[in-house]
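Work through the exercises below with the model open in a viewer. Each task is followed by a solution in steps.

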Amino acid sequence: MTESGSKVIGYWLSKKKILKLNWTTDFADVCKKHGYSLVKLNLDKPLEDQGPFSIIVHKLTEVIGQSILGDKKAESIINRLEKYLEKHPEIAMVDPLDNVRRLMYRSSSYDIIYTSQLHEMDVITPTFVELYSTDININKEILKAAGITYPFLCKQSVALSTSESHTMCIIFNERGLKDVQPPCVAQPFVNHNAVLFKLYVLGGRYHVVRRPSLKNFHPSEEEETIFFNSHDVSKPDSRSALSVLDEAEATNTPVEADMRRMDAIVTTLRSLLGMDLLGIDVVVENNSNRHVIIDINAYPGYDGYPDLFENLFQCIVEAGDNHRRSRLSECHLLSAKVTARPSHAIFAAGDNCDHGGETAVNQAANKAIERQF
Ligand SMILES: Nc1ncnc2c1ncn2[C@@H]1O[C@H](COP(=O)(O)OP(=O)(O)OP(=O)(O)O)[C@@H](O)[C@H]1O
Ligand SMILES: O=P(O)(O)O[C@H]1[C@H](OP(=O)(O)O)[C@@H](OP(=O)(O)O)[C@@H](O)[C@@H](O)[C@@H]1OP(=O)(O)O
Ligand SMILES: [Mg+2]
Ligand SMILES: [Mg+2]
């Protein structure tokens, strides 16, 4: 339950996602079992008439993506939602729009991994650089300065949540630089024997699934650029020819992930990104065994997550509790600040500072807090 006493979870997901997950029936049942109701937000209508909500859970990456591209309708939907949330700070947003938006810029999510301590455990993200131009000579210089080696991948700078935003290419040599489609990030290809680990995060819990991935590639003057869509490669049922290891590279040694490092990845990124619903793609580099984070997604598919809806429900409710706790402690800090002024004055005057009496200001502050909760 939340500050307002409401036990309503507001949600917004695309029709595709609702259908795929059987959300309206199966997740609604789980919520009901726990005494919560589930209400779909109508983003075209005033939200004030649709609440009160204790928590809002959403996947708005497509709308955020359109607003980044300047679509007026999408901008107004996001603005309306932001204004509503400003007016209702008691609502826990899973996940906060600003944090989701930041994650969608691939370079910001890679930057966040760089600034973390994960490298101490041999967990890295490959070097990357943004390319803004189609000029081959400019790109050649930028890539050289950034230390990007061949082959490298070009991924659209913003993961816009459209099918095209999952289209990317592998460039093998300078001849391939003609295929750069800016704005994109260039990221060296990491050989990993075609095994991908997807970490599906639900707040403090997560589940790892093993997926097909791209085979090993090497620098080559002959090789032409390979274009592909990530959804043809790394879904559970993908059978792409790009995932079949060359005969000389085929191995019987299974690729294994180190769960201690997976734990660290989840805890660190959840906290640095300020998000609870995450999909983190990790590959294990051949020979070095470094764990390499190549992609982070907001609200992923969770395909294969055991007892998904019960875990999702617990995650959402815990996010609500955490939100309430952090607001309470903010208010207590505020109250402590208000109290600190008069007591400091008393202390400075040489009086006994060991008094426990509440000042009028403190009482007023505490009343204000009580009213809020
Ligand atoms: N740096 C890399 N080195 C080797 N392989 C990579 C690298 N980056 C991506 N890949 C391969 O390309 C696939 C797609 O890349 P990525 O995960 O970045 O795309 P995406 O469209 O954001 O994926 P998702 O559908 O998970 O959002 C990965 O699943 C992996 O097989
Ligand atoms: O269905 P959605 O639109 O949420 O698609 C998401 C997709 O889930 P799906 O597999 O259920 O399609 C995810 O797959 P997994 O990593 O979990 O395999 C991943 O590709 C996300 O990046 C996609 O989100 P988008 O980047 O397009 O916003
Ligand atoms: Mg991915
Ligand atoms: Mg992605």
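The exercises deal with a ligand shell, one lysine and two helices.

This is a predicted model, in which local features need pLDDT of at least 70 and side-chain atom pairs count only at pLDDT 80 or more, while totals for chains, interfaces and linings use all residues. Residues are numbered from 1 along each chain as its sequence is written, chains are lettered from A and ligands numbered from 1 in the order in which they are written, and side-chain values use heavy atoms, with hydrogens and water left out.

**Exercise 1. Describe the shell around ligand 2.**

Step 1. Collect the residues near the ligand (a heavy atom within 4 Å). The shell has 15 residues, of which Lys20, Ser161, Lys198, Tyr200 and Lys235 come nearest.

Step 2. Sort them by class, with Ala, Val, Leu, Ile, Met, Phe, Trp, Tyr, Cys and Pro as nonpolar, Asp, Glu, Lys and Arg as charged, and the others, Gly among them, as polar. The result is 7 charged, 6 polar and 2 nonpolar residues.

Step 3. Look for polar side-chain atoms by the oxygens of ligand 2, using the polar contact limit (a pair of N or O atoms within 3.5 Å; within protein, one must be able to donate a hydrogen and the other to accept it, and residues adjacent in sequence count only if both atoms are side-chain atoms). Distances to a ligand oxygen are 2.5 Å for Lys20, 3.2 Å for Lys16 and 2.8 Å for Arg211.

Step 4. Compute the cover by the Shrake-Rupley method with a 1.4 Å probe, where for residues only the protein chains shown count as cover. Ligand 2 alone exposes 540 Å², and the protein buries 88% of that.

**Exercise 2. Place Lys198 and list what surrounds it.**

Step 1. Lys198 sits in strand β10, residues 195-202. Strands (E, at least two residues) and helices (H or I, at least four) are DSSP runs, numbered from the N terminus.

Step 2. Lys198 counts as buried because its relative accessibility is 10%. Buried means under 20% relative accessible area, exposed over 50%, and partly exposed in between (1.4 Å probe, protein chains only).

Step 3. Leaving out residues up to four places away in sequence, Lys198 touches His207, Val208, Val209, Arg211, Ser234, Ile280, Asp281 and Asn297; contact means heavy atoms within 4.5 Å. With Asp281 there is a side-chain polar contact of 2.9 Å.

**Exercise 3. How many residues are buried in α5 and in α6?**

Step 1. In α5 (residues 97-104), 6 of 8 are buried, including Leu97, Val100 and Met104.

Step 2. In α6 (residues 106-115), 7 of 10 are buried, among them Arg106, Tyr110 and Ile113.
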